[in-house]
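I set out to record, entry by entry, what I looked up in this structure. The entries run from the contacts with the nucleic acid to the interior of the protein.

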Amino acid sequence: MRWSNLHTPTLRDAPADAEAASHKLLIQAGFIRQLHAGHYSLLPLGQRVARKVAQIIREEMDAIGGQEFLLPAMHPASLWQKSGRWEIMGDEMFRLIDRKGAENALGMTHEEVFAQLALEITSYKTLPQIWYQIQTKFRDEPRPKSGLLRVREFAMKDSYSFDIDQDGLDRNFDLHHGAYVRIFERLGLPAVPVDASSGAMGGSGSTEFMVPSPAGEDDVVICPSGDYAANVERASSSLPAVTDRNIPELARFATPGVRTIAALETVEGGAPADHQIKTMVMVLDGSVTLALVRGDHQLNLQKLQDVSGAIEVRPATPDEALAALGAHPGSLGAVGVTGLRIIADHALNGRQGLCTGANEDDWHYTGVSVARDIAVDQWADLREVAAGEACPQCGSPLDIVRCIETGHIFKLGTKYSEAMGASVLDPDGTQRPIVMGSYGIGVERAVAAVAETFHDDRGLQWPISIAPFAAVITVVSVKDEASMTAAEDLYTQIRDHGVDVLLDDRDARAGVKFADAELIGIPFRITIGPKALADGEVEFTDRATGLTDRVGQADVVGHLLAALANQR
RNA sequence: CGGGACGUGGCGCAGGCUGGUAGCGCACCUGCUUUGGGAGCAGGGGGUCGUGGGUUCAAAUCCCGCCGUCCCGACCA
């Protein structure tokens, strides 16, 4: 490609309103342009990178026996009604009505369509199968943000495995796990597999692949010794035991103005936070529920959602809390409460001598025994792990790291195959639902994650595996005939080796060309200038290190090939 | 959905308070000079000032509605 013919609208300045590094740089370097919120056009450079990412994904999916499909992006409502997700997906699904008045949806994912196709699998003998596609997904995100990191329209590789039983699913899950590790390695991404919540997908287990980055939106609990990693929505830790205070009698006491855990710690008759019960009034699918955690602990909403099975989880408004319990937030408690579902965190199990709100403003209880005084319906892990708590495996202090979710693999089980009626006959002639798994990687998000991970103050630094071009030949003076002849010759030679090379033949100043090449992040630059050329030499610059070598004109192709092989 | 900011040539912004010919930098076009780290001079093209209404002799500017965008939070497979 000749730069004079390449549409690369690089900007002198990064867009003022962009926050994330990938967002700024992908726009500034001319990879993407926004059409509207959450919808981006990929310009030639962006498309080149996205294609290379997709190609790596394809190769690794094919390597584990995946078969590529391409399914429709628009689906009939009936399909989603069959699985029950027409309602569950709520506002996040784009819906439209066609000229006949029929309801349609733009696909957010393709479990239903693939399960529908799996109706034609009728015998265990044709299992297992791995089916995949790279297809546009549509999700009406409440808040698109950070350039390509969270959008409403994006390409996703989604694959689905079909097995006769759980063992088969486990094998396909492991195959995908391995493929994902290799994919992220080839992208250069330091992705960490972590235990995750399955959320609305359901199923028996899921693993997320997380790339540490301040631009991420998930917090991951990681043990520095490497034996534990989990999303905070799922993570647990070991807690030191707390010795209960000896307050055998339940007693109400006045606490004028006390509305917080901290205030209750210092008031006369109060208690340290780990001897308090925090009562969170939540609304789960419209019904008021009490979620109890220890006073110094934080409730994790996703955990509550997972253990309750609720679709919609939100904190109650102060008015709702007042209506349900008779007091305002700050004086709420579960002692003696009946008629409301009560879910309590394990850390409260068996505790005594605790303090909690008395459901009357300015009054609290002390001497609460959970077993005696609170009608807990369900014990569960509700609390969010905090940094520094002990690893459940080895006891080391845990780190909490902000991450970008670049991949997520799920053991679905039979939820969708049963809903869609996909079953096979087993060797005994019994009809059995197909056991499914589902596995996703967002293509543009992977591009953004690489941009987040590899950049410096001059611009992007693509790994060779997905760089839009592996090398650029920068001609310092295009009016110098000897330079252009040498450049054209090199350009041809390098292309003949199958290397993506860009010839910067623009009639621009050297500084502009250097700055553009660095901004775009092309891994290697061969600079052809009159001075070195007079000695029969050119310059070879490594974008990542910034180091420049003088190389003989005749040796530079070999030098480039060696550098590419070295870093590939 | 809550909070905040913003919308003026392709990009970045000023102007707005105090209404009166729409401006600056970058980019773009032409010419000359220059030419190894984002050149200089001269000339030139390009804007329904997001949108609808209102006030006024007169609105980018004041008032109201709407739309859109960004950031924080909520939310989010």
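Entry 1, polar contacts with the RNA. I took a polar contact as a pair of N or O atoms within 3.5 Å; within protein, one must be able to donate a hydrogen and the other to accept it, and residues adjacent in sequence count only if both atoms are side-chain atoms. On that basis I found an N or O atom in the side chain of Asp516 at 3.2 Å from a base nitrogen of RNA strand B. For the side chain of Glu539, I recorded 2.3 Å between an N or O atom and a base nitrogen of RNA strand B. At Ala37, a polar backbone atom is 2.8 Å from a phosphate oxygen of the RNA strand B.

Entry 2, source and confidence. The model is predicted: local features need pLDDT (the predictor's confidence in each residue, from 0 to 100) of at least 70, side-chain atom pairs count only at pLDDT 80 or more, and totals for chains, interfaces and linings use all residues. Residues are numbered from 1 along each chain as its sequence is written, chains are lettered from A and ligands numbered from 1 in the order in which they are written, and side-chain values use heavy atoms, with hydrogens and water left out. I noted an average pLDDT of 93 for chain A, with 99% of the residues scoring at least 70. The predictor assigns the complex an ipTM of 0.90 and a pTM of 0.93.

Entry 3, the surface near RNA strand B. I called a residue near the strand if one of its heavy atoms lies within 4 Å of it. The strand is surrounded by 39 residues, the closest being Arg12, Met89, Leu301, Glu518 and Glu539. By class, I counted 14 nonpolar (Ala, Val, Leu, Ile, Met, Phe, Trp, Tyr, Cys and Pro), 17 charged (Asp, Glu, Lys and Arg) and 8 polar residues (the others, Gly among them) on this surface. Helix H14 gives the most to this surface, with 7 residues; helices (H or I, at least four residues) and strands (E, at least two) are DSSP runs, numbered from the N terminus.

Entry 4, helix H1. Is this helix enclosed or open? I found that 6 of the 8 residues of H1 (residues 21-28) are buried, so the helix is largely enclosed by the rest of the structure. Buried means under 20% relative accessible area, exposed over 50%, and partly exposed in between (1.4 Å probe, protein chains only). The buried residues are Ser22, His23, Leu25, Leu26, Ile27 and Gln28. They pack against elements including strand S1 (32-36), helix H12 (443-453) and helix H14 (510-520). Just after H1, Gly30 takes a positive phi of about 80 degrees.

Entry 5, the nonpolar cores. I defined a core as a set of buried Ala, Val, Leu, Ile, Met, Phe, Trp, Tyr and Cys residues joined through side-chain atoms within 4.5 Å. The largest has 62 residues, and Phe31, Val53, Leu187 and Trp462 have the most contacts inside it. Helix H2 (residues 44-63) supplies the largest share of this core, 8 residues. A second, separate core of 27 residues includes Phe540, Val551, Leu560 and Ala563.

Entry 6, Thr8. This residue lies in the segment before H1 and is buried, at 12% relative accessible area. Leaving aside its neighbours within four places in sequence, I found Thr8 in contact (heavy atoms within 4.5 Å) with Trp3, Ala29, Leu45 and Ile520.
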